[in-house]
Number of protein chains: 2
Amino acid sequence: MKINYPDGQVFNSKPSQSPLSESSAKKKMIFGDRGMTLEEEINESNKYYRSHDIAVIYKKPTPIQIVKVDYPKRSRAVIREAYFRHASTTDYNGVYNGYYVDFEAKETKNKNIFPLKNFHQHQIDHLKMCQKQGGICFVIIKYVELKRYFVTPADEIFLHWDAQKNDGAKSIQLKDIVNSSIEIKSDYNPTLPYINAVQQLIESGKEKK
Amino acid sequence: MKINYPDGQVFNSKPSQSPLSESSAKKKMIFGDRGMTLEEEINESNKYYRSHDIAVIYKKPTPIQIVKVDYPKRSRAVIREAYFRHASTTDYNGVYNGYYVDFEAKETKNKNIFPLKNFHQHQIDHLKMCQKQGGICFVIIKYVELKRYFVTPADEIFLHWDAQKNDGAKSIQLKDIVNSSIEIKSDYNPTLPYINAVQQLIESGKEKK
């Protein structure tokens, strides 16, 4: 069963089951994961990375404000009134080879630009704080129509975000994303091999020092 | 409003408000946080660490399985049926000075032992995986009656957990916790200065290498 979140994300209420039907699993083997949302692709990749001892990264649960809970006899508690809350942090974090990894995943249907309204101030603040503590911080951007994926360093997002505050553009041009990011390709195992890009970010950071 | 979770944890539905009333805030200044739950003490400490650029550590939201959502007109979405799920990970993670930090917090009313049934297999598995990736992994144990707090390295927990699997004891003796852990004292700012202990864990790990 799928539920549309207020912000347009899709929530799968049985995340323990594979989100792929048999036929889409076949398609996947041939064409890659074109039918999956970015969130599903990252979750599948994280499962692969965990099972292969490559990285331990999870999506955080969506924060819920609970107002009313029933405790039926001989049955588990049922939440009867609750509301979606905005997260204080980014959606994903974890550990890779001794490094703290923190990122947000964003899809856009635009072909030439990435609108900055995809971010909230608190997500930018969180990424800045994590980077200050030595974390590897970035955004995975999926251009749905172009079928292109980028691992964009948080610094590039900060640059445009802060410029926007001073009457700069309200979006990032595709060419700026291409120039500043590491492009990754949808694949089979893992679905989205973004850890290769994380490794590159780490190495380029070392070179800077 | 407080809700009792099935596992006995207390959930505060308005976490953005201070859990302290004015009078308990006064008490806190004099006697430390004796009236707070361990979760509240850690959350307060994490707030302090974030605001002082010392560490960026959060409690993860409790995972909820959502079954039914109403979308009233001109009003925000209301969750009408949902269930508590078991987390796949520990409750807390984040970054401190370049290190990935991952831990679980446990209270016990026992005075001499710490029962291993406070853990689930998946939490142990998660801590082992994070440690393998170079994360700093531990448990904060609060002996409620003794008013003593310990930062216990994950290795000590693994030792007893694995022994239990081979017909070993189903709990850890207080003396073993004392010998293997770093004791911390409840304080004012931060409420529970556990990052000092994390720094010690990091330094003792370096000495081993």
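**View 1. Arg74(B), an exposed loop residue of the predicted model**. Arg74(B) has a relative accessible area of 83%. That value is over 50%, so Arg74(B) counts as exposed. The residue lies in a loop of chain B, between strand 4 (64-70) and strand 5 (78-84). Its phi is positive, at about 55 degrees, although Arg74(B) is not a glycine.

**View 2. Asn97(A), a second loop residue with positive phi**. Phi of Asn97(A) is near 50 degrees. Asn97(A) is a residue other than glycine. Its loop in chain A runs between strand 6 and strand 7 (99-108).

**View 3. The annotated binding site of chain A**. An unreviewed UniProt entry carries the annotation "binding site" for Thr89(A), Asp91(A), Glu104(A) and Gln123(A). In sequence these residues span 35 residues. Yet no two of their C-alpha atoms are more than 9.1 Å apart, so the four gather at one spot. Two of them, Thr89(A) and Asp91(A), come from the loop between strand 5 and strand 6 of chain A.

**View 4. Thr89(A) and its surroundings**. Thr89(A) sits in the loop that links strand 5 (78-84) to strand 6 (92-96) in chain A. Its relative accessible area is 7%, under the 20% limit, so Thr89(A) is buried. Neighbours within four places in sequence are left aside here. The contacts of Thr89(A) are then Lys60(A), Glu104(A), His122(A), Gln123(A), His126(A) and Tyr58(B). Glu104(A) and Gln123(A) also belong to the annotated set. Tyr58(B) comes from chain B. The side chain of Thr89(A) makes a polar contact of 3.0 Å with the side chain of Lys60(A).

**View 5. Asp91(A), another buried residue of the annotated set**. Asp91(A) is placed in the loop between strand 5 and strand 6 of chain A. Its relative accessible area is 15%. This too is under 20%, so Asp91(A) counts as buried.

**View 6. The interface of chain A and chain B**. Together the two chains bury about 4,400 Å². Carbon and sulfur atoms account for 61% of that area. Ile66(A), Ile79(A) and Gln133(A) supply 15% of what chain A buries against chain B, more than any other three residues. The contact involves 50 residues of chain A and 49 residues of chain B.

**View 7. Polar pairs across the interface**. Between chain A and chain B, 13 residue pairs are in polar contact, counting pairs with both residues at pLDDT 80 or more. Two salt bridges cross the interface. A salt bridge joins the side chains of Lys132(A) and Asp53(B), at 2.8 Å from N to O.

**View 8. The side of chain A that touches chain B**. Strand 1 (2-4), strand 3 (56-59), strand 4 (64-70), strand 5, strand 6 and helix 3 (121-132) each supply at least two residues to this side. Strand 5 gives the most, with seven residues. By class, this side of chain A has 28 nonpolar, 14 polar and eight charged residues.

**View 9. Cis peptide bonds before Pro190(A) and Pro190(B)**. In chain A, the peptide bond joining Asn189(A) and Pro190(A) is cis, with omega at about 0 degrees. Pro190(A) is in the loop between strand 12 (182-184) and helix 6 (194-208) of chain A. In chain B, the bond from Asn189(B) to Pro190(B) is cis, with omega near 0 degrees. Pro190(B) is in the loop between strand 12 (182-184) and helix 6 (194-208) of chain B.

Notes
Residues numbered from 1 in each chain as written. Chains lettered and ligands numbered in written order. Predicted model: local features only at pLDDT ≥ 70, side-chain atom pairs only at ≥ 80, totals over all residues. Heavy atoms only, no water. UniProt positions renumbered as here; feature names shortened; annotations may be inferred. Helix = DSSP H or I, 4+ residues; strand = E, 2+ residues; numbered from the N terminus. Buried < 20%, exposed > 50% of the residue type's maximum accessible area, 1.4 Å probe, protein only. Contact = heavy atoms within 4.5 Å. Polar contact = N/O pair within 3.5 Å; in protein donor to acceptor, adjacent residues only side chain to side chain. Buried area = accessible area lost by both parts, 1.4 Å probe. Salt bridge = Lys/Arg side-chain N within 4 Å of Asp/Glu carboxyl O. Nonpolar A, V, L, I, M, F, W, Y, C, P; charged D, E, K, R; others polar.
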